[in-house]
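Dear colleague,

Please find below the structure that I am handing over to you. My notes on it follow directly after.

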Amino acid sequence: MAAERMADLSDAVGDRPAMALKGLNLSSCTQVSALTLVCGAIESFLEFHRMLKLIPFRSKPGPLRQKLHTHVALTGVERTFPPSDIIVSKTCPKGVITYANKVFLDVARLTESQVVGAAHSVVRHPDMPRAVFALMWSRLQAGQEIFAYVLNMTSCGDHYWVHAHVTPSFGADGQIIGYHSNRRVPDRSAVDTVAPIYRELKAIEDRAANRADGLKSSVERLNSILRDAGVSYDQYVFSLAS
Ligand SMILES: Cc1cc2nc3c(=O)[nH]c(=O)nc-3n(C[C@H](O)[C@H](O)[C@H](O)COP(=O)(O)O)c2cc1C
């Protein structure tokens, strides 16, 4: 009973820190930092009680984590990271993050407790076309690796491009036990080539009558771009990297 009430509290607090901060006259980045601190404090409180077994651990991402980015306005500010750095994350087979390295947390401006247990879409940028993720997931679930340029969003509303290598991880029985992604900072020329293509795909998805039609048309357009270039997706992505 007590555990249920505490779990309800954990659901209920989801939007309140953001609502409380709305009344303050702070810049959006300061608001997000304050929100992050408040969320972190609430998470710590909840984790302490989970340790005491008063609140059960969730097997799916909690609302506090899922909604973090929906509170944030895009700033248009691009962030980058040194070529020697690698952003690493691992997920379970459903795409829920099980590990993120310090570079990931620093670049995304998230804490480990906000990230671990969250869906990987926690860093999703709204301008990314769904066709790219559809291709990613179809490859991964077929047991294949994929390289992709991905635009991500920080908890502040800034954005950063990555050149990602995403791979399935296999158990001793050959079954997929999760996924692993290593990301480096992409060449500017590659971003300059990919960005307008992604904008076109996103526009196709947005103007479709429904999500399914939008995704179908977007995938068809991506395939037609590759056909015109006379290359496969992999050849195209490799051709962009120096
Ligand atoms: C290992 C791994 C890494 C991923 N990395 C990212 C990422 O950096 N950014 C991102 O937006 N989605 C990433 N995804 C894809 C997300 O799971 C998700 O499909 C995507 O954000 C689209 O979310 P949506 O379907 O809710 O729109 C990754 C998935 C896996 C399995």
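**Two helices and a sheet**

Helices α7 and α9 are roughly perpendicular to each other, a label that covers angles of 65 to 115 degrees, whereas under 35 counts as roughly parallel, over 145 as roughly antiparallel and the rest as oblique. Before the details, please note that this is a predicted model, in which local features need pLDDT of at least 70, side-chain atom pairs count only at pLDDT 80 or more, and totals for chains, interfaces and linings use all residues. Residues are numbered from 1 along each chain as its sequence is written.

The axes of α7 and helix α9 (residues 211-229) cross at roughly 80° and come within 9 Å. Such axes are lines fitted to C-alpha atoms, for helices over the stretch in contact, with angles running from 0 to 180 degrees between N-to-C directions. On the α7 side, Arg130, Ala131 and Ala134 meet Leu215, Ser218, Val219 and Leu222 of α9; contact requires C-beta atoms, placed from the backbone, within 7 Å. By class, this contact has 5 nonpolar, 1 polar and 1 charged residues. Here Ala, Val, Leu, Ile, Met, Phe, Trp, Tyr, Cys and Pro count as nonpolar, Asp, Glu, Lys and Arg as charged, and the others, Gly among them, as polar.

The protein as a whole has 10 helices and 5 strands, taken as DSSP runs numbered from the N terminus (helices H or I, at least four residues; strands E, at least two). Of its 242 residues, 28% count as buried, that is, with 20 or more other C-beta atoms within 10 Å of their own (exposed: 12 or fewer; partly exposed: in between; C-beta atoms placed from the backbone).

The 5 strands form an open sheet with antiparallel pairing, in the order β2-β1-β5-β4-β3; a pair requires at least two DSSP bridges. At the edges stand β2 (97-100) and β3 (146-153), each with a single partner strand, so one side of each has no neighbour in the sheet. From one strand to the next, the twist averages 30°.

Strand β3 is joined by 8 bridges to the antiparallel β4 (residues 159-170). Across this pair, alanine 148 stands opposite alanine 164, and leucine 151 opposite tryptophan 161. The two strands form a hairpin with 5 residues between them, and glycine 157 in the turn has a positive phi of about 95°. Strand β4 is also joined to β5 by 8 bridges, again antiparallel, with threonine 167 partnered by histidine 180 in β5. The hairpin of β4 and β5 has 5 residues between the strands, and glycine 174 there takes a positive phi near 85°.

Which residues are closest to the ligand? They are Gly95, His120, Ser121, Arg124 and Tyr179, among 16 that surround the ligand, each with its C-beta atom, placed from the backbone, within 6 Å. Two or more residues of this shell come from each of β1 (87-91), α7 (130-141), β3 and β5 (176-184), and β5 gives the most, with 3 residues. By class, the shell has 7 nonpolar, 8 polar and 1 charged residues.

Finally, valine 122 lies in the loop between α6 (112-115) and α7. Valine 122 is buried, with 23 other C-beta atoms within 10 Å. Valine 122 and isoleucine 97 are 25 residues apart in sequence and 9.4 Å apart in space, C-alpha to C-alpha.

With kind regards

Definitions and conventions
Contact = placed C-beta atoms within 7 Å.
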